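Hi,

Here is the structure I promised to pass on to you. Have a look at it first, and then read on for my notes on what turned up in it.

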Protein chains: 2
Amino acid sequence: MTNSAALSPENRPLILMTNDDGIQAKGINELADMLRETGDIVVVAPDSPRSGQSSAISSEFPLRVSLETDRPGYRTYKSNGTPVDCIKLAVNQLLPRRPDLIVSGINHGSNAGACIIYSGTMGAVLEGCLIGIPSIGFSLCSHDPKANFDACRDIVQHTCRQVLQNGLPEQICLNVNIPVVPDIQGIRICRQAKGYWTEEYDHRVDPHGRDYYWLTGRFVNLEPDNTETDEWALANGYISIVPCSTDLTAHTAQSDIKYLIENK
Amino acid sequence: MTNSAALSPENRPLILMTNDDGIQAKGINELADMLRETGDIVVVAPDSPRSGQSSAISSEFPLRVSLETDRPGYRTYKSNGTPVDCIKLAVNQLLPRRPDLIVSGINHGSNAGACIIYSGTMGAVLEGCLIGIPSIGFSLCSHDPKANFDACRDIVQHTCRQVLQNGLPEQICLNVNIPVVPDIQGIRICRQAKGYWTEEYDHRVDPHGRDYYWLTGRFVNLEPDNTETDEWALANGYISIVPCSTDLTAHTAQSDIKYLIENK
């Protein structure tokens with residue numbers, strides 16, 4: 001597998017793309033189309049859906065990669081790995097140089113609120129952030145495989161060009177969600193809404209009398225009226241942008257748990 | 001599958017356990033032994049290793065669960081799901097009541113620094129935190145399947161009893177790592193060290209001439225001398241405790257990315 005052909009000289013930005021819906025999904029193909037004029041694009045995406053894969057990595061089996069498309073300024077690979085595996089493979093093995101930008105999506109379905117924890121699309125973004133590459137995840141609030149992504153074009157192009165020009169703060173990446181509404185009201189910089197998933201299983205019994213469980217569930221928003229949150233923005237017709245960090249430390253809680261040491 | 005038998009009345013704490021090394025791993029069996037006197041224990045753990053599964057959830061296939069052990073005060077189930085699936089199944093379907101504490105591990109290997117992002121052990125802890133149950137992950141800094149967990153006993157018992165008695169701050173969970181040293185120097189409340197994994201693949205060619213890639217790599221600590229970090233604590237013989245949050249918002253960066261809206 002050679003890495004030198006087809007991609008343009010370094011004066012055009014190199015954009016790495018992945019997703020968790022798989023390389024065949026409409027969202028990632030629309031995303032590539034939207035950014036065709038912004039830079040050279042390399043897609044490294046899962047060979048089938050990997051929704052809910054979070055930041056999972058594969059160490060129990062070897063990864064395979066195959067080149068699918070190789071045109072000037074546009075190359076695609078598919079892999080048997082997770083979205084994070086795709087980013088790692090691309091940066092470590094496939095790309096001719098370090099990418100200028102990582103873009104993940106466009107996800108079929110919201111990744112606002114607690115969804116970010118489970119999202120493979122956002123897992124890939126967090127990975128890019130960890131290794132110091134400006135990284136953005138885009139999600140459209142529709143699970144329809146044939147969803148219309150036209151409302152995403154402007155925000156995708158604007159955000160990616162701004163980030164390519166200005167960068168992002170150190171160790172910060174972006175979670176951008178786009179509502180499905182007749183008229184988008186604007187863009188809001190938000191925080192992740194507090195909430196969780198509940199009533200999560202459809203319990204069935206197979207023809208042999210054995211139990212099995214399908215994951216289902218619904219999201220409980222713990223602060224539906226809070227205008228600072230991404231869920232509020234989306235429910236009110238705004239695009240939400242949440243700056244995210246890979247540092248999970250609850251810095252303000254460090255003093256609250258001192259009793260664990262003091263009582264020792 | 002009935003949920004009512006064997007477990008004691010509500011006056012004993014109910015402790016839910018899982019891990020990502022699988023139900024057969026030494027670490028989780030030692031953990032159950034350490035907490036046998038602290039409360040009633042229900043283990044719901046993966047049927048095989050799920051290292052690196054992060055907060056992955058399974059929606060592409062149905063989940064199965066089987067009861068393995070059913071003794072007074074001690075019950076174990078194995079599942080074909082991820083660690084987060086195990087927590088969700090337990091809380092939604094298997095437990096007689098909401099658990100008082102979730103404990104994950106003891107992981108075979110460190111989950112300090114950026115490892116938390118990929119860890120299935122910590123994925124389960126973050127899930128417990130999201131649904132409002134005090135949750136703690138324990139990891140021993142040894143990948144040896146036969147590792148000696150004796151050095152974990154005191155911190156496991158102390159931390160779990162303190163948390164059962166005092167609770168944890170809202171939306172906060174704990175990432176506890178234990179070093180492998182002749183004499184533990186003490187316990188430190190830390191923050192997650194900045195760093196990432198690099199040189200991540202062993203690239204091979206199969207007998208048919210096709211490429212494949214094994215995930216390997218090494219951790220780059222970006223701040224090895226910073227005494228605030230979990231990596232420093234462990235390298236210097238201390239047990240590290242990091243309070244963690246499921247809110248990935250980089251709150252202090254919200255103003256830094258206003259240019260995305262202002263230039264619009």
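Confidence first, since this is a predicted model. Chain A has a mean pLDDT of 94, with 96% of its residues at 70 or more. Residues 1-5 of chain A are the stretch to treat with care: pLDDT is below 50 there, and beyond near neighbours in sequence the stretch has 15 contacts in the model. Where pLDDT is low, the predicted coordinates should not be read in detail. For the model as a whole, the scores are ipTM 0.94 and pTM 0.95.

Next, the cavities. Searching the whole structure turns up two of 30 Å³ or more.

The largest cavity has a volume of about 140 Å³. Its lining is made of 14 residues, and those nearest the centre are Ser54(A), Ile117(A), Leu126(A), Ser54(B) and Ile117(B). On the chain A side, helix H3 (115-118) and helix H4 (120-130) each give at least two residues to this lining, and helix H3 (115-118) of chain B does so too. If you are thinking about its chemistry, the lining of the largest cavity counts eight nonpolar and six polar residues, with no charged ones.

The second largest cavity holds about 50 Å³ of space. From chain A it is lined by Leu130(A), Gln171(A), Thr246(A) and Asp247(A), and from chain B by Ala114(B), Gln192(B), Ala193(B), Lys194(B) and Gly195(B). Here the lining does include charge: two charged residues, alongside three nonpolar and four polar ones.

Now some backbone geometry that you may want to check before setting anything up. Most residues other than glycine have a negative phi, and most peptide bonds are trans. The exceptions I noted are these:

- The peptide bond from Gly105(A) to Ile106(A) is cis, with omega near -15 degrees; Ile106(A) sits in strand E5 (residues 101-108) of chain A.
- In chain B, Gly105(B) and Ile106(B) are also joined by a cis peptide bond, with omega about -10 degrees, and Ile106(B) belongs to strand E5 of chain B.
- Ser54(B) is not a glycine, yet its phi is positive, at about 50 degrees. It lies in the loop between E2 and strand E3 (65-71) of chain B. With a relative accessible area of 4%, Ser54(B) is buried. You met this residue above, among those nearest the centre of the largest cavity.
- Glu199(A), not a glycine either, has a positive phi of about 45 degrees. Its place is the loop between strand E9 (195-198) and strand E10 (201-205) of chain A. Glu199(A) counts as exposed, because its relative accessibility is 53% and the cut-off for exposed is over 50%.

Finally, a helix to look at in chain B. Which residues of helix H1 (residues 26-34) are buried? They are Gly27(B), Ile28(B), Leu31(B), Ala32(B) and Met34(B). These residues lie on the same side of H1(B), because they cover an arc of only 160 degrees around the axis. And what do the buried residues of H1(B) pack against? Their partners in chain B are strand E1 (14-18), strand E2 (40-46), strand E4 (74-79), strand E5 (101-108), strand E6 (135-140) and helix H5 (153-166). Strand E5 of chain B is also where Ile106(B), from the cis bond above, is found.

That is everything from my side. Happy to talk it through whenever suits you.

Best wishes

Key: Residues numbered from 1 in each chain as written. Chains lettered and ligands numbered in written order. Predicted model: local features only at pLDDT ≥ 70, side-chain atom pairs only at ≥ 80, totals over all residues. Heavy atoms only, no water. Buried < 20%, exposed > 50% of the residue type's maximum accessible area, 1.4 Å probe, protein only. Helix = DSSP H or I, 4+ residues; strand = E, 2+ residues; numbered from the N terminus. Arc of directions from axis to C-beta. Contact = heavy atoms within 4.5 Å. 1 Å grid on protein atoms, 1.4 Å probe; cavity = no way out; pocket = protein on both sides within 12 Å on 5 of 7 lines; lining within 4 Å. Points joined across faces, edges and corners; volume = space filled by probe spheres on them. Nonpolar A, V, L, I, M, F, W, Y, C, P; charged D, E, K, R; others polar. pLDDT = per-residue confidence, 0-100.
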